[in-house]
Amino acid sequence: MKKTVSPKSFEDALKRLETLTQAMQNHDMPLEEALAAYEEGRELVQYCQTKLAEVEQKLQVLEAGELKELSLEQSE
């Protein structure tokens with residue numbers, strides 16, 4: 001049975017991804033456990049990408065009452 005990842009928040013998802021990454025980099029995981037960690041990590045990445053896209057869309061709508069492209073670079 002496949003376990004579906006449902007983090008409470010974006011931050012929780014990132015923390016879990018960091019934990020999984022560190023555990024996999026230590027090479028101490030049996031193959032089956034490493035595969036499960038990889039699958040969970042893939043789901044967490046997808047969750048984070050979805051949340052970031054939602055936030056970007058909201059920022060675009062809120063930007064000065066008109067739709068503008070979000071730029072994270074500092075203007076000179």
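A residue counts as buried when its relative accessible area is under 20%. I kept that cut-off at hand while going through this model, which is predicted.

**Entry 1: Cys-48**

I looked up Cys-48 and found it in helix H2, which covers residues 31–62. Its relative accessible area is 6%, so Cys-48 is buried. I then listed what Cys-48 touches, leaving out residues up to four places away in sequence: Phe-10, Ala-13, Leu-14 and Leu-17. I also checked one distance from Cys-48. Its C-alpha atom is separated by 7.7 Å from that of Leu-14, and these two residues are 34 apart along the chain.

**Entry 2: H1 against H2**

Next I turned to the two helices. Helix H1 spans residues 10–25, and its axis comes within 9 Å of the axis of H2. How do H1 and H2 run relative to each other? The axes cross at roughly 150 degrees. Angles over 145 degrees count as roughly antiparallel, and H1 and H2 are therefore roughly antiparallel to each other. I noted the crossing of H1 and H2 as left-handed.

I went through the residues that meet between the helices. On the H1 side they include Phe-10, Arg-16 and Met-24, and on the H2 side they include Ala-34, Glu-40, Gly-41 and Lys-51. Sorted by class, the contact of H1 with H2 holds 14 nonpolar residues, one polar residue and three charged residues.

**Entry 3: the core**

I asked which residues make up the largest nonpolar core. There are eight: Ala-13, Leu-17, Leu-20, Met-29, Ala-37, Leu-44, Tyr-47 and Cys-48. H1 and H2 are the elements that give two or more residues to this core. H2 gives the most, with four residues.

I followed Ala-13, one of the core residues. Not counting residues up to four places away in sequence, Ala-13 touches Pro-7, Leu-44, Tyr-47 and Cys-48.

**Entry 4: Ala-37**

Last, I looked at Ala-37, which is also found in helix H2. Is Ala-37 buried or exposed? The cut-off for buried is under 20%, and Ala-37 has 6% relative accessibility, so this residue counts as buried. Outside the residues up to four places away in sequence, Ala-37 touches Leu-20, Met-24 and Met-29. The C-alpha atoms of Ala-37 and Leu-20 are separated by 6.2 Å, with their positions 17 residues apart along the chain counted as the separation.

Note on methods: Residues numbered from 1 in each chain as written. Predicted model: local features only at pLDDT ≥ 70, side-chain atom pairs only at ≥ 80, totals over all residues. Heavy atoms only, no water. Buried < 20%, exposed > 50% of the residue type's maximum accessible area, 1.4 Å probe, protein only. Contact = heavy atoms within 4.5 Å. Axes fitted to C-alpha atoms, helices over the stretch in contact; angles between N-to-C directions. Parallel < 35°, antiparallel > 145°, perpendicular 65-115°, else oblique. Left-handed = near helix turned anticlockwise from the far one by under 90°. Nonpolar A, V, L, I, M, F, W, Y, C, P; charged D, E, K, R; others polar. Core = buried A, V, L, I, M, F, W, Y, C linked by side-chain atoms within 4.5 Å.
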